[in-house]
Amino acid sequence: MTTIPRFHLAVPVDDLDAARHFYGDLMGCAQGRSSDTWIDWNLHGHQFVTHLAPGRSAQVHNPVDGHDVPVPHFGLILTIPEFHKLADRFREAGTAFVIEPYLRFEGLPGEQWTMFLLDPAGNAMEFKAFADDSQVFAV
């Protein structure tokens, strides 16, 4: 058991088979319970659910560091080796990045690697890795 509370997040997808490939095969998440309209995933110990929802609204973007950051978005804070391993898997699979992996705040508090991409249903995801994990909330 972890001392950090686990989150539960459900997101809409328009194709459960594409979600199964992306989250199961590409990201390596273990599949849990499922039905004809949803799939539970183990996202690094968090309960993540993809729900079949063919209709959805357009996404909003906010400017951050000269990039158009998609909102809403979700993701994980990984170790630096995990971050680069996942980025390599995405590249090898031909995944198009919304924002390519890059280093933010280099040499400053909160130095971090970050990347943004969309899952097959258009859900925006950000993955991060901090040089010093104690700096996650640095100002």
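Reader: In which helix do Arg20 and Asp17 both lie?

Author: This is a predicted model. Arg20 and Asp17 sit three residues apart, about one turn of the helix. They share helix H1.

Reader: How far apart are the closest N and O atoms of Arg20 and Asp17?

Author: Side chains of opposite charge can pair when their charged atoms come close. Arg20 does form a salt bridge with Asp17. A salt bridge needs the nitrogen within 4 Å of the oxygen. Here the closest N and O atoms are separated by 2.9 Å.

Reader: Does Asp17 count as buried or exposed?

Author: Exposed means over 50% relative accessible area. Arg20, its partner in the salt bridge, has 30% and so counts as partly exposed. Asp17 has 56%, so Asp17 counts as exposed.

Reader: Which residue caps the N-terminal end of H1?

Author: Look at the backbone nitrogen of Asp17. A side-chain oxygen lies 2.9 Å from that nitrogen. The oxygen belongs to the capping residue, Asp15.

Reader: Which residue just after H1 takes a positive phi?

Author: H1 covers residues 16–26. Just after the helix, one residue has a phi of about 80°. That residue is Gly28.

Reader: In what order do the strands of the sheet with S1 and S2 lie?

Author: Four strands form this open sheet, and the pairing is mixed. The edge strands are S1 (8–13) and S2 (30–34), each pairing on one side only. Neighbouring strands are turned by 25° against each other on average, direction ignored. The order is S1-S4-S3-S2.

Reader: What angle does the direction of H1 make with that of S3?

Author: S3 (residues 38–43) runs antiparallel to S4 (residues 46–52), joined by six bridges. H1 packs on this sheet and touches S1, S2, S3 and S4. Its direction and that of S3 make an angle of about 10°.

Reader: Which residue in S4 is the bridge partner of Trp41?

Author: S3 and S4 are joined by six bridges. Trp41 has its bridge partner in S4. The partner is Phe48.

Reader: Is Asp40 buried or exposed?

Author: Asp40 meets Arg33 in a salt bridge of 3.1 Å, N to O. Arg33 is exposed, with a relative accessible area of 56%. Buried means under 20%. Asp40 has 7%, so Asp40 counts as buried.

Reader: With which residue does Asp88 form a salt bridge?

Author: The partner lies in helix H2 too, three residues from Asp88, which means about one helical turn. Asp88 is partly exposed at 38%, and the partner is partly exposed at 41%. The closest N and O atoms are 3.2 Å apart. The partner is Arg91.

Reader: How many salt bridges does the structure hold?

Author: Among them are Arg20 with Asp17, Asp40 with Arg33 and Asp88 with Arg91. The total for the structure is four.

Reader: Which strands are the edge strands of the sheet with S9 and S10?

Author: This open sheet has four strands in the order S7-S10-S9-S8, with mixed pairing. Each edge strand pairs on one side only. The two are S7 (73–78) and S8 (97–104).

Reader: Which residue in S9 is the bridge partner of Ile99?

Author: S8 and S9 (residues 112–118) pair in the antiparallel sense over five bridges. Ile99 has its bridge partner in S9. That partner is Phe116.

Reader: At what angle to S9 does H2 run?

Author: H2 covers residues 80–92. The helix lies across S7, S8, S9 and S10. Relative to S9, its angle is about 30°.

Reader: How far from Glu126 is the nearest side chain of opposite charge?

Author: Glu126 is in strand S10 (residues 124–130). Glu126 is buried yet has no salt bridge. The nearest side chain of opposite charge is Lys128, at a distance of 4.0 Å.

Reader: Which residue's side chain does a polar contact of 2.7 Å join to Glu126?

Author: Beyond four places in sequence, Glu126 touches residues including His73, Phe74 and Phe116. Another residue it touches is also the polar partner. That residue is Thr114.

Reader: How far apart in space are Gln59 and His73, C-alpha to C-alpha?

Author: Gln59 is in the loop between S4 and strand S5 (60–64). At 28% relative accessibility, Gln59 counts as partly exposed. Gln59 and His73 are 14 residues apart in sequence. In space, the separation is 9.8 Å.

Notes:
Residues numbered from 1 in each chain as written. Predicted model: local features only at pLDDT ≥ 70, side-chain atom pairs only at ≥ 80, totals over all residues. Heavy atoms only, no water. Buried < 20%, exposed > 50% of the residue type's maximum accessible area, 1.4 Å probe, protein only. Lys, Arg positive; Asp, Glu negative; His and termini not counted. Polar contact = N/O pair within 3.5 Å; in protein donor to acceptor, adjacent residues only side chain to side chain. Contact = heavy atoms within 4.5 Å. Pairing = 2+ DSSP bridges. Axes fitted to C-alpha atoms, helices over the stretch in contact; angles between N-to-C directions.
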